[in-house]
Amino acid sequence: MRPSRRAVLTATTAAALSTAPAAAAAQRHRKLRTGFERLAQDGYTLLGNQKVGIVTNPTGITRDARHIVDVMHADDRVDLTSVFGPEHGFRGTAQAGGSEGRYDDPATGLPVYDTYLKSGRPLADIFTASGVDTVVFDIQDVGARFYTYIWTLYDCMEAAQLAGKRFVVLDRPNPVTGRAALGPVLHKEFATFVGRQPVSQAHGMTVAELARLFNGEFLTDPVPLETVTMSGWKRSEFYDASGLPWVPPSPNMPTPETALVYSGTCLFEGTNLSEGRGTTRPFELLGAEGVDRRWAEGANELGLPGVRFREAYFAPTFSKFQGKTIGGVQVHVHDRAAFDPVRTGIALLVTAKRAWSGFAWRPDNWIDKLTGSTRVRTMIDAGADTDEVVAGWQQDLAAFRRTRREYLVYR
């Protein structure tokens, strides 16, 4: 830990707003207020006398499903002058690996700048050119290290510091809870846009907590940071307890149930099997040509907590095996509190390799970028079972958990 860095973290916004008591236990979720809701209810005081730019996407919505850019643009109490779009774009028109480019938003007339795959000085130059004083971040995360929005957050924090801008993070729930950090921790030599810094595969943090972690541990020069936290959120809660509408953060994240399995089954992006893109159940359906019932049988024999596997056949409409009927498994989570997505993802890799002779890693060893080192790939190739692979990252994970604990703000 580096106390000198933590010392520069500004205090979390002190303007807490009272919330109406729930009318009944069934209305319990209405006690939750997102960072944006608290900011707006306080009259945008935190952004007073500032030209504001916001990094957001279709998930930046209010409880009644209005986009916060539209809400802020119509409110004279805040001077919103620019929007910054991440991967998939501000309005969400681009598929994986794409963005919307530079344009003027038809609904508001605001200039929209493209941040995707930009970092450091080039991104700082965009913030400078926009003329904003404060950069605000409000995007729904899904809790996995390799989901790129948290690294958009990191890159934007770094660029805001270089450009001399304030940075404000508006918090939203981690949809798969904030109970625990799980999985391997990234080794710095494997840093990419699916993992810039040593964070565990499932981080168990909110974006505001991650921003505090980034500022205190990883940024060479911390940015002037303020976080507008939620009220009424508990670390043990899944997304459905929030009462908030779900907007797919990306085209292949259609439901909170997708997010529940994603931090484990996304590992199949690093193999020659389909991870379910091009189906209505991405990351829940996995398979390839030549896979049969033996994979589901082998996975079920492990008795993994909270999950069962069904023999499944499907034909992706795009991505791997487009238009071909392939065999595999569907992941059915029946006890989400007991379910460990990362252990499950490893178990599925181990059993797929044993059940299907055609199993192969992607030639570019993308699995190493996803897991954060060569360890998972080389151990599975050497015949290690699930428990042995999971045991291999426990020391790194314990160290990350100790660091993480310093930046948690919710119980």
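Which residue in β4 does G85 stand opposite? Before I answer, a word on what we are looking at: this is a predicted model, in which local features need pLDDT of at least 70 and side-chain atom pairs count only at pLDDT 80 or more, while totals for chains, interfaces and linings use all residues. Residues are numbered from 1 along each chain as its sequence is written, and side-chain values use heavy atoms, with hydrogens and water left out.

The residue opposite G85 is D114 in β4. When I speak of strands and helices, I mean DSSP runs numbered from the N terminus, with E and at least two residues for a strand, and H or I and at least four residues for a helix; two strands pair if DSSP finds at least two bridges between them.

Let me take the sheet as a whole. It is an open sheet of 7 strands in the order β3-β4-β2-β1-β5-β6-β9, and its pairing is mixed. The edge strands are β3, residues 103-104, and β9, each of which pairs on one side only. As a reminder, strands of a sheet pair through backbone hydrogen bonds, either parallel or antiparallel.

Starting from the β3 edge, β3 and β4 run antiparallel and are joined by 2 bridges, with D104 standing opposite P111. The hairpin that these two strands form has 6 residues between them, and in it G109 takes a positive phi near 80 degrees. Strand β4 itself, residues 111-114, is covered on both faces, since P111 and Y113 on one side and V112 and D114 on the other are all buried, where buried means under 20% relative accessible area, exposed means over 50%, and partly exposed lies in between, with a 1.4 Å probe and protein chains only.

Moving inward, β2 and β4 run parallel over 3 bridges. Strand β2, residues 79-85, also runs parallel to strand β1, residues 51-56, and 5 bridges join the two; there V52 stands opposite L80.

At the other edge, strand β6, residues 166-170, pairs with β9 in the parallel sense over 4 bridges, and V168 has E226 as its bridge partner in β9. Strand β9, residues 225-228, has both faces covered, with L225 and T227 on one side and E226 and V228 on the other, all of them buried.

V168, which is found in β6, deserves a closer look. This residue counts as buried because its relative accessibility is 1%. Leaving aside neighbours within four places in sequence, V168 is in contact (heavy atoms within 4.5 Å) with L46, L47, T134, V135, V136, F137, E226 and V228.

The second residue I would single out is D138, which has its place in strand β5, residues 134-138. D138 counts as buried because its relative accessibility is 0%. Its side chain makes a polar contact of 2.6 Å with the side chain of R172; a polar contact here is a pair of N or O atoms within 3.5 Å, where, within protein, one must be able to donate a hydrogen and the other to accept it, and residues adjacent in sequence count only if both atoms are side-chain atoms. Residues touching D138, not counting those up to four places away in sequence, include F36, I54, N57, L170 and R172.

R172 takes us to the empty space. A cavity, on a 1 Å grid over the protein atoms alone, is a set of points where a 1.4 Å probe fits but cannot get out, whereas a pocket is an open set with protein on both sides within 12 Å along at least five of seven lines, and lining residues have an atom within 4 Å of a point. The structure holds 2 cavities of 30 Å³ or more. R172 is among the residues lining the largest cavity, together with T59, I61, Q140, Y239, P245, W246 and V247, and R172 also helps to line the second largest, along with residues including I139, Q140, D141 and P173.

As for the pockets, the largest is lined by 24 residues, of which E87, A96, T148, E269 and R277 lie nearest its centre. The second largest pocket has 21 lining residues, with V176, T177, R179, L182 and P341 nearest its centre, and helix α7, residues 256-265, gives the most to that lining, with 3 residues.

Technical notes
Grid points are joined across faces, edges and corners, and a volume is the space filled by probe spheres set on the points.
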